[in-house]
Amino acid sequence: MRYISTRHGSQGNPQPLGFEDVMLAGLARDGGLYLPAEWPQFSKAEIASLRGQPYGEVAYRVMRPFIGDAFDEATFRRLIGEAYASFETPEVAPVKPLGESGLHLLELFHGPTLAFKDVALQLLGRMLDHTLTARQQHATIVGATSGDTGSAAIEAVRDRRTIDIFMLFPHGRVSEVQRRQMTTVLAPNVHNVAIEGTFDDCQDLAKACFNDLAFRDRHALTAVNSINFARVMAQIVYYFWAAVKLGAPERPVAFTVPTGNFGNVYAGYAARQMGLPVSHFVVATNSNDILARFFEAGGMTMTDVVPTYSPSMDIQISSNFERLLFDLYGRDGKALADAMAGFRSRGTLKVGANALGGVRELFDAGRLDDEGTLKAIVDCRKRFGVTLDTHSAVGYAVAQQHRRDPKVPMVVLSTAHPAKFPDAVEKAVGERPALPPRLADLMERTERVDGLPNDVATLKSLIDERMAALRQPSRAARR
Ligand SMILES: *Cc1c(COP(=O)(O)O)cnc(C)c1O
């Protein structure tokens, strides 16, 4: 399997890369995102044969075509097995019907940090470590988080000798549970950095590190945010997993995905490109609804981000959306690079009527504000006895507005445990959801974090200093 950038051809025509290089690079050097040159195809018989298999087996079969010769069969099976052994339930991602409504929840929050990010990152951390060990290399992850990605990434790479991780988060703007899930990890390779600024400032700082190519090469910088194709790959699995449980390939299934960076729903689109019969996707947003507006009108116009009860979806520029746009621009990397540059400078982007017609057949979209979110939590609890988190609640409500055919099962992706966003859930139902036992002492654990101003030079010095200290034998021996 070879991978190309969504902007290929915009800066010469670099050689397509293999899986390991794509995983280590994260973002392409031309600023684009990596994609397989073509999607592997699954026949009806192959899809049917997934039914009844354990999650790890489905994962192995769905991902095998993407990895080429990066890992041999035994190694890849072991990495998958270890990744999903860290989940609370052997099913990994249970599919639960909501009464007779035809709605089903796909629970993706049983991993160590209680959000769906664990599904991909638990595997990615292990794949990275394996490849770096084999190549005798070290990589430095620099990332920005508004909460969930940070803890999932830290949990995935803690205590690994091959990787150091610098995670930037906006000081005072993540929830206490989210912050503590990062700062209480005291492993020597974990560096939490609280930035005096917003999430966008953190993201700009991380980007500035990557755009300094000398700095990027000096530390072998790696990105594990959802632009990394390996994460998309690991998320494709649970679309196959849920669909075959509900009757695929004989019967189509619909999915509703609470959306921020468009990574999760894009993985569903990829599953469909691989042959999975999906009737349609529903893109569910909170009041930050740039994507909903796109699917309604064919254009994107940037506005300011407003904080909501579903902070992991408080995003205006959905980085993974570029992968869908690549198809809408006829897989023409140069035309897409021009369109993205225009979007950055003018804040608007439009696609033609033809392309839009195609996506409208496949995607519906809807939004839900904070008031609606609290009502949805109450409604689901009353009707079905299930307490949703705020992100899943957006999906639950929007899904019901977009059932095209009542006979087609509608799967709502449940992306976080309610205890991860306890304030809003308590506000809705009058009761604070409890953390699962393994996190029960989170509020008493010791924290470690560096505070920095919103300044790229200061950040780069911190990274330079830490990494220089790491290269000293005394420190290296301690790890
Ligand atoms: C990250 C996240 C989302 C959004 O996922 P995208 O892949 O960015 O669209 C939704 N819900 C929760 C709980 C998340 O952590």
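The side chain of R173 approaches the backbone oxygen of G197 at 3.4 Å, a polar contact in the sense of a pair of N or O atoms within 3.5 Å, where within protein one atom must be able to donate a hydrogen and the other to accept it, and where residues adjacent in sequence count only if both atoms are side-chain atoms. The model is a predicted one, in which local features need pLDDT of at least 70 and side-chain atom pairs count only at pLDDT 80 or more, whereas totals for chains, interfaces and linings use all residues. Residues are numbered from 1 along each chain as its sequence is written, and side-chain values use heavy atoms, with hydrogens and water left out.

R173 is located in the loop between β6 and α7, helices (H or I, at least four residues) and strands (E, at least two) being DSSP runs numbered from the N terminus. With a relative accessible area of 56%, R173 is exposed; the term applies over 50%, buried applies under 20%, and partly exposed covers the range in between (1.4 Å probe, protein chains only). Leaving aside neighbours within four places in sequence, R173 is in contact (heavy atoms within 4.5 Å) with G197 and T198. R173 is separated from R77 by 96 residues in sequence and by 39 Å in space, C-alpha to C-alpha.

Helix α6 (residues 148-157) is largely enclosed by the rest of the structure, because nine of its 10 residues are buried. These buried residues are D148, T149, G150, S151, A152, A153, I154, A156 and V157, and they pack against α5, β5 (139-144), β6 (163-170), α7 (176-183), β7 (190-195) and α10 (229-245). Just after α6, D159 adopts a positive phi of about 65°.

Contacts to α6 residues are also found for K117, which touches D148, T149, A152 and R231 when residues up to four places away in sequence are not counted. K117 belongs to helix α5 (residues 117-135) and is buried, with a relative accessible area of 12%. In an unreviewed entry, UniProt lists K117 for "modified residue: N6-(pyridoxal phosphate)lysine"; UniProt positions are given in the numbering used here, feature names are shortened, and annotations may be inferred rather than shown by experiment.

Around the ligand there are 15 residues, of which K117, D148, G260, N261 and T415 come nearest, a residue being near if one of its heavy atoms lies within 4 Å of the molecule. By class, this shell has five nonpolar, eight polar and two charged residues. An N or O atom in the side chain of K117 is 2.6 Å from an oxygen atom of the ligand, while backbone atoms also approach ligand oxygen atoms, with a polar atom of F262 at 3.1 Å and an N or O atom of N264 at 2.9 Å. Taken alone, the ligand exposes 380 Å², of which the protein buries 97%.

The unreviewed UniProt entry also lists residues 106-334 for "domain: Tryptophan synthase beta chain-like PALP". This span is 45% helix and 18% strand, and its end C-alpha atoms lie 37 Å apart. S414, in strand β14 (residues 410-414), counts as buried at 2% relative accessibility. Not counting residues up to four places away in sequence, S414 touches L105, L106, E107, L108, F109 and S392.

Methods: Areas by Shrake-Rupley, 256 points an atom, 1.4 Å probe, with all protein chains shown as cover. Nonpolar A, V, L, I, M, F, W, Y, C, P; charged D, E, K, R; others polar.
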